[in-house]
Amino acid sequence: MYIIVIGGGRVGYYLIKALIEEGHEVLVVEKESNICEAINDEMGSICFRGDGCEAATLAEVGTERADMLVAVTGDDEDNLVACQVAKHKFNVSRTVARIRNPQNEVLFKKLGVDVTISSTNVILEHIEEEVPTHPLTHLLAIENSGQEIVEIRIPPEAATVGKTIRELSIPPGTKLALFIREGGRNRVPTLNTVLRAGDRIIAITTPESEAALRTALTSA
Amino acid sequence: MKVVIMGCGRVGAWLARLLDADGHQVTILDNDPYSFRRLNFPRQPSEFKGTALVGNGTDQEALKRAGIEGADVFFALTQGDNRNVMACQIAKHIFNVPRVICRIYDPLRQEMYSDLGMEAISPTTVFAQMLKEKLES
């Protein structure tokens with residue numbers, strides 16, 4: 001694939017290295033001449049000095065034949081504009097933007113950016129996973145469906161311990177997909193499954209129902 | 001009218017004063033409180049009676065504090081084209097502000113966003129055209 005990366009900073013640098021290793025054709029657009037030189041010295045002539053938000057620059061690097069444009073500068077607004085120019089002027093089919101402010105995710109999607117990656121959210125998800133007291137962990141957002149997969153751990157103090165799934169008030173639109181018990185086999189939970197402390201449930205839900213689901217399963 | 005202006009540079013401050021003097025309800029937003037000195041022009045009797053707020057206009061919370069939800073017009077007048085473009089799209093698509101006006105220095109970007117339905121003005125092309133006409137007149 002021909003992939004254009006906007007921004008040769010720290011994120012861009014390691015990204016292009018990985019992409020080249022995977023055998024892709026990569027070109028980086030970077031404003032700063034010294035960063036550009038350093039990349040070219042190390043990896044061959046793959047860095048073009050210029051403003052990745054300018055249509056003229058993107059025309060020069062052959063954006064019309066790019067399979068993907070990834071904007072990873074440190075500024076959300078620059079990443080947004082680079083993706084929009086790539087989409088509207090050059091019909092790039094896949095655009096990916098790095099975002100810092102998680103609130104921008106909705107806006108960027110609305111404006112036609114195909115994929116957004118929020119470093120803040122990624123770090124937050126890892127913290128959720130690492131901190132055992134956190135009863136609900138985000139595993140995956142199912143793209144373009146408004147749904148997500150989460151994991152819920154039943155804490156020992158939960159009122160649900162010893163109850164069956166039938167007795168819980170699971171929010172509408174939420175499906176309990178998998179039930180994991182230490183030492184036991186993974187099963188699809190049934191209405192008669194009795195919950196114990198430490199059980200883990202993988203559920204498909206929506207961001208709106210998340211709080212209700214957490215309360216239904218874990219509240220004391 | 002309720003007006004929100006992002007960017008208290010020369011143009012933003014001047015526009016804020018003009019609209020304020022006309023009796024509009026003006027809120028002006030800037031990252032740097034020092035820029036608000038421009039709201040007090042020397043040798044002008046009337047004082048700016050609007051609101052000056054410190055905040056980043058590409059942040060939805062800051063825009064809410066500036067009263068974007070009830071605004072009739074939003075102007076984006078910072079030095080950064082991309083910041084202006086993003087703030088305007090937030091105003092238009094998230095807060096449904098009826099009228100959104102954006103300054104974009106880069107003529108190519110201005111053209112593209114105009115094609116996408118944004119009310120965008122490029123001071124570069126406007127001023128170059130003015131200079132050309134001055135020469136020809």
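This report describes the sheet of chain A, the make-up of chain B, the contacts between the two chains and two loop residues.

## Basis of the model

The model is predicted, so that local features need pLDDT of at least 70 and side-chain atom pairs count only at pLDDT 80 or more, while totals for chains, interfaces and linings use all residues. Residues are numbered from 1 along each chain as its sequence is written, and chains are lettered from A and ligands numbered from 1 in the order in which they are written.

## The sheet of chain A

In chain A, six strands, paired in parallel, make an open sheet in the order β3-β2-β1-β4-β5-β6. Strands here are DSSP runs of E with at least two residues, helices are runs of H or I with at least four, and both are numbered from the N terminus; two strands pair if DSSP finds at least two bridges between them. The edges are formed by β3 (47-49) and β6 (115-118) of chain A, each of which pairs on one side only. On average, neighbouring strands of the sheet are turned by 20° against each other, direction ignored, where axes are lines fitted to C-alpha atoms, for helices over the stretch in contact, and angles run from 0 to 180 degrees between N-to-C directions.

Within this sheet, strand β4 (residues 68-71) of chain A is joined to β5(A) by four bridges, and the two run parallel; Ala71(A) has Ala97(A) in β5(A) as its bridge partner. Helix α1 (residues 10-21) of chain A packs on the sheet, touching β1 (2-6), β2 (25-30), β4 and β5 of chain A, and its direction makes about 165° with that of β2(A). Helix α6 (residues 119-130) of chain A also packs on the sheet, where it touches β5 and β6 of chain A, and its direction makes about 60° with that of β6(A).

## The make-up of chain B

Chain B contains five helices and six strands, which follow the pattern β-α-β-β-α-β-α-β-α-β-α along the sequence. Its radius of gyration, taken over C-alpha atoms, is 15 Å, close to the 14 Å that the globule rule gives for 137 residues, so chain B is as compact as a globular protein of that length; the rule is 2.2 Å times the number of residues to the power 0.38. Of the 137 residues in chain B, 39% are buried, a residue being buried if 20 or more other C-beta atoms, placed from the backbone, lie within 10 Å of its own, exposed if 12 or fewer, and partly exposed in between.

## Where the chains meet

In all, 17 residues of chain A are in contact with 16 residues of chain B, contact meaning that the C-beta atoms of two residues, placed from the backbone, lie within 7 Å. On the side of chain A that touches chain B, α4(A) gives the most, with eight residues.

In helix α4 (residues 107-115) of chain B, the buried residues are Arg109(B), Gln110(B), Met112(B) and Tyr113(B). Seen down the axis of α4(B), they fall within an arc of 165°, so they line one face of the helix, the arc being that of the directions from the helix axis to the C-beta atoms. These buried residues pack against α3 (55-60) and α4 of chain A, together with α3, β5 and β6 (119-121) of chain B.

## Two loop residues

Asn91(A), in the loop between α4 (76-90) and β5 (94-99) of chain A, has a positive phi of about 50° although it is not a glycine, and Asn91(A) is exposed, with 10 other C-beta atoms within 10 Å. Asn96(B), in the loop between α3 (81-93) and β5 (99-103) of chain B, likewise has a positive phi of about 50° without being a glycine, and Asn96(B) is exposed, with 11 other C-beta atoms within 10 Å.
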